[in-house]
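Trainee: Please take a close look at a single part of this model, namely the salt bridge, and set it in the context of the whole protein.

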Amino acid sequence: MAMAMAMAKSGIQSALRRSGRGAAQPKRNFSASAHDEYETKKWEKITILGIVTSVSLAVYNLSKGHPHFPDPPAYPYLHIRNKEFPWGPDGLFEVKHDHH
């Protein structure tokens, strides 16, 4: 019974809103709208400045060269293999060399 009453009340309210005879609903504001536009504009500027700074630093760092160090000596005890890997003589993530 309560469900039917709630549905009827909801139907009547929506019909009144559509016909324009009901009381005007007040506009609902978000809680952030209580602040002035100054705060919003300030944080937009800070965000844009941060993005521009980050992108410019990334471009600068990636455009610079980086040092190339000589290869370390080939120590014979580092890669002792008693049997071959299933995928070949080199390790899975090693640089492949020509094998004869």
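**The salt bridge and its setting**

Mentor: In this predicted model, Glu39 and Lys42 form a salt bridge in which the closest N and O atoms lie 3.5 Å apart. A search of the whole structure finds 1 salt bridge. Both partners belong to helix α2, which spans residues 37-63. Because Glu39 and Lys42 are 3 residues apart in that helix, about one helical turn separates them.

The accessibility of each partner can be stated as well. Glu39 has a relative accessibility of 30% and therefore counts as partly exposed, since that class lies between the 20% limit for buried and the 50% limit for exposed. Lys42 is likewise partly exposed, with a relative accessible area of 30%.

As for the wider setting, the protein has 2 helices and 0 strands. Of its 100 residues, 3% count as buried. The protein exposes about 10300 Å², and carbon and sulfur atoms supply 64% of that area.

One further surface feature deserves mention. Tyr75, Tyr77, Leu78 and Ile80 make a nonpolar surface patch of about 480 Å². Within this group, Tyr77 is found in the segment after α2. Tyr77 counts as exposed, because its relative accessibility is 56% and the class begins over 50%.

To return to the part in question, the salt bridge joins Glu39 to Lys42, two residues of helix α2.

Technical notes: Residues numbered from 1 in each chain as written. Predicted model: local features only at pLDDT ≥ 70, side-chain atom pairs only at ≥ 80, totals over all residues. Heavy atoms only, no water. Helix = DSSP H or I, 4+ residues; strand = E, 2+ residues; numbered from the N terminus. Buried < 20%, exposed > 50% of the residue type's maximum accessible area, 1.4 Å probe, protein only. Areas by Shrake-Rupley, 256 points an atom, 1.4 Å probe, with all protein chains shown as cover. Salt bridge = Lys/Arg side-chain N within 4 Å of Asp/Glu carboxyl O. Patch = residues over 30% accessible without salt bridge, like charges linked within 9 Å, V, L, I, M, F, W, Y side chains within 5 Å.
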